[in-house]
Amino acid sequence: MIRRLAIFAAVVAALWALDALLSGTLVPGMMISPYVLQVITLAGINVILAVSLNLINGFTGQFSIGHAGFMAIGAYTSAFFSVNFGSSLERVFRILPEGPRRGAVLLLVLAAGAVAAAIAGFLVGVPSLRLRGDYLAIVTLGFGEIIRVFILNIDAVGGARGLGGIPKYSNFGWVYFFAIASVVVVSRIVNSSFGRTLLAVREDEIAAEAMGVHTTRAKVISFVISSAMAGIAGGLFAHYLMYIHTNSFTFLKSIEIIIMIVLGGMGSITGSVVGAVLYIVLTEGLRAFEQYRMVTFSFLLILIMIFRPQGLMGHRELFGRKRREARQPSTPSIEA
Amino acid sequence: MKMRRTGMLALTLGVAAAFGCAPGRSSKEIVIGEYGSLTGNTATFGQSTKNGSEMAFNEINQAGGLLGKPVKLVVEDDQSKPEEAATAVTKLINQNAVQAVLGEVASSRSLAAAPICQGAKVPMVTPSSTNPKVTQVGDYIFRVCFTDIQQGEADAKFAAKSLKLKKAALLYDVRNDYSVGLRLVFAQKFKEYGGEIVAEQSYSEGDSDFRAQLTQLKSANPEVIYVPGYYTEVGTIARQSRDLGISAPLLGGDGWDSPRLWEIGGKALNGCYFSNHYSVDDPAPAVQKFVADYKGKYGNTPDALAALGYDAARILADAIKRANSTDGAKVRDALAQTKDFAGVTGTITIDKDRNAVKPVVMLKVQDGKFVFQERIEPGA
Amino acid sequence: MSTFLQQLVNGLSLGSIYALIALGYTMVYGILRLINFAHGDVYMVGAYVGYYASTRFRAQEPSYPRAIAIMVLSMVVCGALGIVIERFAYRPVRRAAKMTSLITAIGVSLLLENGGQLLFGADPKFFPSNAPHREFNVASVRITSEQLTVFVVSLVLTAFLLAFIQKTRTGKAMRAVSFNLDASKLMGISTDRIIAITFALGSAFAAAAGVLVAMAIPKIDPLMGIMSGLKAFVAAVLGGIGNVPGALIGGLIIGIAEVFTVGYLSPTYRDAIAFAILIGILLFRPQGILGRVEKEKV
């Protein structure tokens, strides 16, 4: 227990030092370009999104294309609280120095965002997760769009004009704190007995049900956890860019996250991390060829599906026990 | 376990740090940033503004530059999207180290970018955003055009007094601040002038089918339909309204101003009106010279956005000259003190709210041309 | 009352477009159990083919023969496109897991959209009118010739498709393949050929929809297929996926629902209504209006 707390504190301290170093507050003048810092930070947010989506898509086998909707809920909820109550909340923590004070407020609003996203995940999950395969995909896409249109109509959060003036509470340090946390959380889940339940649901849902597994309950739980994490990612996103608009949370965003986990390998946490980082590296690297970027990604997606559907990592992890490669269920048939 | 992961992270970041370097502030030239919609739904807005400001800076550079140095204009495309405007401005400030920012035309996009400029203490001059909220963001944000409070009132006055109409319907774009704001002012003022708003419908920027809304409006029998939107939708709305048998004229704001308006709306636009910042027909020698120079350089007649882009660039340059420095705070002060600047779009004085007080020009669309109708002075 | 009727007309005209696109979805799903995400983008390509054909072969006077020729040209080009997509993107993953082919379909869809932005430019383009424009006044309801054309064409093509499926040998083969792909192979049906024909037909209908919509609402852009495609898919599900007349009925219902939502409720819910209908249908009657219930076998 003490050892864990010590490791935790060490990680937090390391992240703070790194952030101070990189943004030039520690050693003025020696800093990396704010642009590169922004890219790295956004990569961290992508990691959270990819890892959380992988929990539901890769490990539970439920194909959801509505992840951006939960990110939006997290973003808008947390931003709403910061914009309207940010200064009052800061006064509550006024005994703390500036950094931890803003951090405390950030944690509070992120929690609000995560709770809202989790509730949304529950409301979406319960009806949708009864459906299979393609239908689930379309329904989650539909819910994602409904969420977006719903937010678009709420004037209190700017509606169709977007929400601006969000205080910049999140930074490199916080984003990577949560990125690391999300990786830890998901790997804990996956390696537990609950995780084995999820894998059972993925491999053969009917058999799992026959074995006494509460498949619907398992699916909903992992869906809710995944949505909550997306909500946190959304909150971090909002407090980093200071302006959000529902245009950033369309299903094209959901598909971007899917590209990340497909690229990296849907059954692997390391794969999601690799996929997320690779995606943003390629995106920024190809900035010069901006128009060819998405065309390249789409080609890549098709080619991966045809030639290497398991992505870069397949089911393998970089650290930890290797999980057994899952077999593709084969349909018994006479090959004509 | 966690240590190894943190180690890997630090390693990656070290590599990233190695190839990322902080941009130096160039002292050999003055870098001005501009963000605009070069592509997307309102592409002509950004293109016209860019043409105008480029022409202005070209003239300045040919006359010896600003404070003895050449001016470099860096333009970023925001694809007609507010979230891209925020990203574009962040890049201009962080990566290109611009001293000041020009932009944007659309109020929504200006509102997305303004807090970023204000936070970074970089002066921002919007050539054509008319929503009052834009300059309220902070003391570094200026505009060189009139606000929608003026424009909406001018439109209402024109409809009520000049066209002598009593019943108006509203069809506005719920997606952008400009349209939402303008519609509120018009509705209020039109009622003050004795008119009545008989029906109201909305649409979203990017929509292409307005028949459902127009059908509802038609049943209220309006004498005029106020459409304070952007040219792409306005053209289509005009067409579809005629298809549905609505003969009432349409009235709108400066968002109509585009060389493509007639291409989209065609004959359906004949007899429709809109308010604007300037008229190509204005006989004033400064205007005619600008029109001739622009035509010579770009091959087509400049619209109001090009004229405002031109004026905004020149006012910014003038402020930098008066401040004798590119320091943000000094330029801001100089901008705030701009008085009686001779612009193509009129004589420009920046008031205490950082807005310009200028006359509104009413134009009529006829056979592909925008014909001058009347000029409505501020406060008249 | 006339407002209500006018909105009905608007809805039927919009719904006919969805119906035409839905036909392609329903056919492909019936045969391959695949949601062809790229189908909406084929509709977009159809509109652009029509655009380039119209501007290339400029004529002074709009005329019916010209309009029909352009529509047919677009249908042929997109039919070919459909065959190409199936052959190179879908056939290699036909035997793979469901998710794989779904992701591949998403990939093709993205490719068409972004490729379209690259090739055609991301800015909207405005379709010149090819057919003479007329307006009819029926009981104080205004119907334009474009709206009428859209409705008539969708009825005609649906009827044609039905006849094709019921009466011809190829049609019968299509029905067999949709029933059981492997058994059809054993019966001597060239399933690859049938699948290719299915894609060709579906894509051709989508192209027709694209050209018709471009004539009615002159604005086209490379992303126009996304929303329309999704709503058309909802229409196919609503009518009963795999069922041809169901696609027509579903399309018309979605079109009317959308127009009425915009007119009587609020225009900002325009896109949401289709998805709300989808969720409702999947929760309460997943087989759709005309569909049959399919038992999942272990």
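Modeller: A residue counts as buried when its relative accessible area is under 20%, as exposed when over 50%, and as partly exposed in between. The model discussed here is predicted.

Colleague: Is Glu104(B) buried or exposed?
Modeller: Glu104(B) is found in the loop between strand 3 (100-102) and helix 4 (107-120) of chain B. The relative accessible area of Glu104(B) is 2%, and a residue under 20% falls in the lowest class. Glu104(B) is therefore buried.

Colleague: What is the omega of the peptide bond from Gly103(B) to Glu104(B)?
Modeller: Most peptide bonds are trans. The bond that joins Gly103(B) to Glu104(B), in contrast, is cis. Its omega is near -5 degrees.

Colleague: Which residue forms a salt bridge with Glu104(B), with the closest N and O atoms 2.8 Å apart?
Modeller: The partner counts as buried, at 2% relative accessibility. It also forms a salt bridge with Asp78(B), where the closest N and O atoms are 3.9 Å apart. The residue that bridges to Glu104(B) is Arg109(B).

Colleague: How many residues apart in sequence are the parts that the pair of Arg109(B) and Asp78(B) ties together?
Modeller: Asp78(B) is buried, with a relative accessible area of 0%. Asp78(B) lies in the loop between strand 2 (71-77) and helix 3 (82-94) of chain B, whereas Arg109(B) lies in helix 4 of chain B. The pair therefore ties together parts whose separation in sequence is 31 residues.

Colleague: Which residues join Asp207(B) in one network of salt bridges?
Modeller: Over all chains, the structure holds 32 salt bridges. One of them is formed by the side chains of Arg260(B) and Glu263(B), at 3.0 Å from N to O. Other salt bridges share partners, and these join Asp207(B) into one network with Lys231(C), Glu258(C), Arg270(C) and Asp271(C).

Colleague: What is the distance in space, C-alpha to C-alpha, between Asp281(B) and Phe372(B)?
Modeller: Asp281(B) is found in the loop between strand 10 (272-276) and helix 11 (285-298) of chain B. Leaving aside neighbours within four places in sequence, its contacts are Gln288(B), Phe370(B), Val371(B) and Phe372(B). Asp281(B) and Phe372(B) are 91 residues apart in sequence, but their C-alpha distance in space is 6.8 Å.

Colleague: What is the phi of Lys164(B)?
Modeller: Most residues other than glycine have a negative phi. Lys164(B), which lies in the loop between helix 6 (148-162) and strand 6 (167-173) of chain B, is not a glycine and has a positive value. Asp340(B) likewise has a positive phi, of about 55 degrees. For Lys164(B), phi is near 55 degrees.

Colleague: Why is the pair of Phe81(A) and Phe85(A) described as tilted?
Modeller: A pair of aromatic rings is described by the distance of the centres and the angle of the planes. Planes under 30 degrees apart count as stacked and those over 60 as edge-to-face, while the rest are tilted. The ring centres of Phe81(A) and Phe85(A) are 6.0 Å apart, and the pair is tilted because the planes lie at 35 degrees.

Colleague: What is the angle between the planes of Phe177(A) and Phe178(A)?
Modeller: Phe177(A) and Phe178(A) are both buried. They form an aromatic pair with a distance of 5.3 Å centre to centre. This pair is edge-to-face, and the angle between its planes is 80 degrees.

Colleague: How many salt bridges are there between chain C and chain A?
Modeller: The area buried between chain C and chain A is about 4000 Å², and carbon and sulfur atoms give 80% of it. Two residue pairs are in polar contact across this interface, that is, 2 pairs with both residues at pLDDT 80 or more. For salt bridges between chain C and chain A, the count is 0.

Colleague: Which helix of chain C gives the most to the side of chain C that touches chain A?
Modeller: The contact takes 46 residues from chain C and 43 residues from chain A. Several elements of chain C give two or more residues to this side, including helix 3 (64-90), helix 4 (98-120) and helix 9 (224-239). The element that gives the most, with 15 residues, is helix 4.

Terms used:
Residues numbered from 1 in each chain as written. Chains lettered and ligands numbered in written order. Predicted model: local features only at pLDDT ≥ 70, side-chain atom pairs only at ≥ 80, totals over all residues. Heavy atoms only, no water. Contact = heavy atoms within 4.5 Å. Buried area = accessible area lost by both parts, 1.4 Å probe. Salt bridge = Lys/Arg side-chain N within 4 Å of Asp/Glu carboxyl O. Polar contact = N/O pair within 3.5 Å; in protein donor to acceptor, adjacent residues only side chain to side chain. Helix = DSSP H or I, 4+ residues; strand = E, 2+ residues; numbered from the N terminus. Phe/Tyr/Trp six-rings, centres within 6.5 Å; stacked < 30°, edge-to-face > 60°. Buried < 20%, exposed > 50% of the residue type's maximum accessible area, 1.4 Å probe, protein only.
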